[in-house]
There are 2 protein chains.
Amino acid sequence: MDLSKTKRFGVHLDVTLKLIKQDLLKRFRQNNIDLTPEQWTIISELADQETIYQRELAAGTFKDAPTVSRIVELLVNRGYISRKADKLDRRKFLVSLTKKGRDIYEKSSPILYDARTLGWKGLNNQDYKDLTRILNKISSNISNDEIS
Amino acid sequence: MDLSKTKRFGVHLDVTLKLIKQDLLKRFRQNNIDLTPEQWTIISELADQETIYQRELAAGTFKDAPTVSRIVELLVNRGYISRKADKLDRRKFLVSLTKKGRDIYEKSSPILYDARTLGWKGLNNQDYKDLTRILNKISSNISNDEIS
DNA sequence: ATATAATACTTGTCAAGACAACTATTGCAT
DNA sequence: ATGCAATAGTTGTCTTGACAAGTATTATAT
């Protein structure tokens, strides 16, 4: 691998990701959806999982506990999700979407669809496979190093 | 393009980028380099460009003016860069690395090299070309839409 | 020449992430 | 049964980023 070429490959990822997030945020705003991309990630995870613990929510979205704690608090305050104590283990909180939360998730889905359609224009399934493979490889390279 | 597969491709990029940044930050700390990845990006840009305006620095690092303003202030306070008013246009500031700044850049280079070597283990030049092409395509798709 | 627009940069506010430190609760070893 | 470790979550602090609004300076239109 020619390392001189990969100088700042992180910067390249960073710039692209910023564009993707800005684009999504803008689309949400244009459609009166008061969600950030990160809040959407949390809601999307809950939409798939019904009722889960905050800890699982953190693991599923690859966010740390403090970040999830704060986003959950914000979304509870806005009425999108509910949080209730677990009876068996009082350390835990069970989190789930409210009706309002499910509504905004469904309202946001076509916007996500549009954003993806635009972002992937001119790219094909092989490109997606390649991107996924490369990102997974980088992730596992770093994660495995972390453990050892 | 099968859109169902690309659901949350932004999340995938996000997770990978977080790992890359965390890994780099950890390596900096282990080597007593008191820099964040973002601060490194600024310093790296300055190392290539000698003396530039803050605005150019922002463009080169794809950060917005307020973000650059604050990182620059922080790095000036720590003695890594210097900022002096431009004589011809008093709105502008000329920014450049100090000796201390160049030193830490040189000290950080092998750490960047190590991080890249680890991150790209098992990937080849074609993978890098593919990743670059795909990221550029996504970026241009979004940017061109922005203009229209 | 003067008003207005544009440019360069700063400041304020909120969201999010990294990390350390904290509380409360539960699990486990002996 | 008691002490200690582990777990779930919260809070605090700092950094970064998005975005709006501000100041100061320069360019431009008439």
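**Helix α3 of chain A, salt bridges and the surface near DNA strand C**

The buried residues of α3(A) are covered by elements that include α2, β1 (52-53), α4, β2 (81-85) and β3 (93-97) of chain A, together with α1 of chain B; contact here means heavy atoms within 4.5 Å. The model is a predicted one, in which local features need pLDDT of at least 70 and side-chain atom pairs count only at pLDDT 80 or more, while totals for chains, interfaces and linings use all residues. Residues are numbered from 1 along each chain as its sequence is written, chains are lettered from A and ligands numbered from 1 in the order in which they are written, and side-chain values use heavy atoms, with hydrogens and water left out.

Helix α3 of chain A spans residues 54-61, and its buried residues are Gln54(A), Leu57(A), Ala58(A) and Thr61(A). These residues lie on the same side of α3(A), because they cover an arc of only 100° around the axis (the arc is that of the directions from the helix axis to the C-beta atoms). Arg55(A) and Ala59(A), on the other side of α3(A), are exposed. Buried is taken as under 20% relative accessible area, exposed as over 50%, and partly exposed as in between, with a 1.4 Å probe and protein chains only. Helices (H or I, at least four residues) and strands (E, at least two) are DSSP runs, numbered from the N terminus. After α3(A) comes Phe62(A), with a positive phi near 60°.

Turning to charged pairs, a search of the whole structure finds 20 salt bridges over all chains, a salt bridge being a side-chain nitrogen of Lys or Arg within 4 Å of a carboxyl oxygen of Asp or Glu. Helix α1 of chain B holds the pair Asp14(B) and Lys18(B), four residues apart, or about one turn of the helix. Their closest N and O atoms are 3.4 Å apart. Asp14(B) counts as buried because its relative accessibility is 9%, whereas Lys18(B), at 25%, is partly exposed. Arg27(B) and Asp23(B) also lie in helix α1 of chain B, four residues apart; they form a salt bridge with the closest N and O atoms 3.0 Å apart, and both residues are buried. In helix α6 (residues 125-147) of chain B, Arg133(B) and Asp130(B) are three residues apart and meet in a salt bridge of 3.5 Å, N to O. Arg133(B) is partly exposed at 37%, while Asp130(B) is buried at 11%. A network of salt bridges links Asp14(A), Lys18(A), Lys21(B), Glu38(B) and Lys63(B).

Which residues come nearest to DNA strand C? Of the 29 residues around the strand, these are Thr36(A), Thr67(A), Gln22(B), Ser69(B) and Arg70(B), where near means that a heavy atom of the residue lies within 4 Å. The surface residues divide into eight nonpolar, six polar and 15 charged. Helix α4(A) gives the most to this surface, with five residues. Among the strand atoms within 4 Å of the protein, 68% belong to sugar or phosphate and the rest to bases. The side chain of Gln54(B) places an N or O atom 2.9 Å from a phosphate oxygen of the strand, and a polar side-chain atom of Arg83(B) lies 2.6 Å from a phosphate oxygen. The side chain of Arg70(B) has an N or O atom 2.4 Å from a base nitrogen of DNA strand C.

How values were computed: Polar contact = N/O pair within 3.5 Å; in protein donor to acceptor, adjacent residues only side chain to side chain. Nonpolar A, V, L, I, M, F, W, Y, C, P; charged D, E, K, R; others polar.
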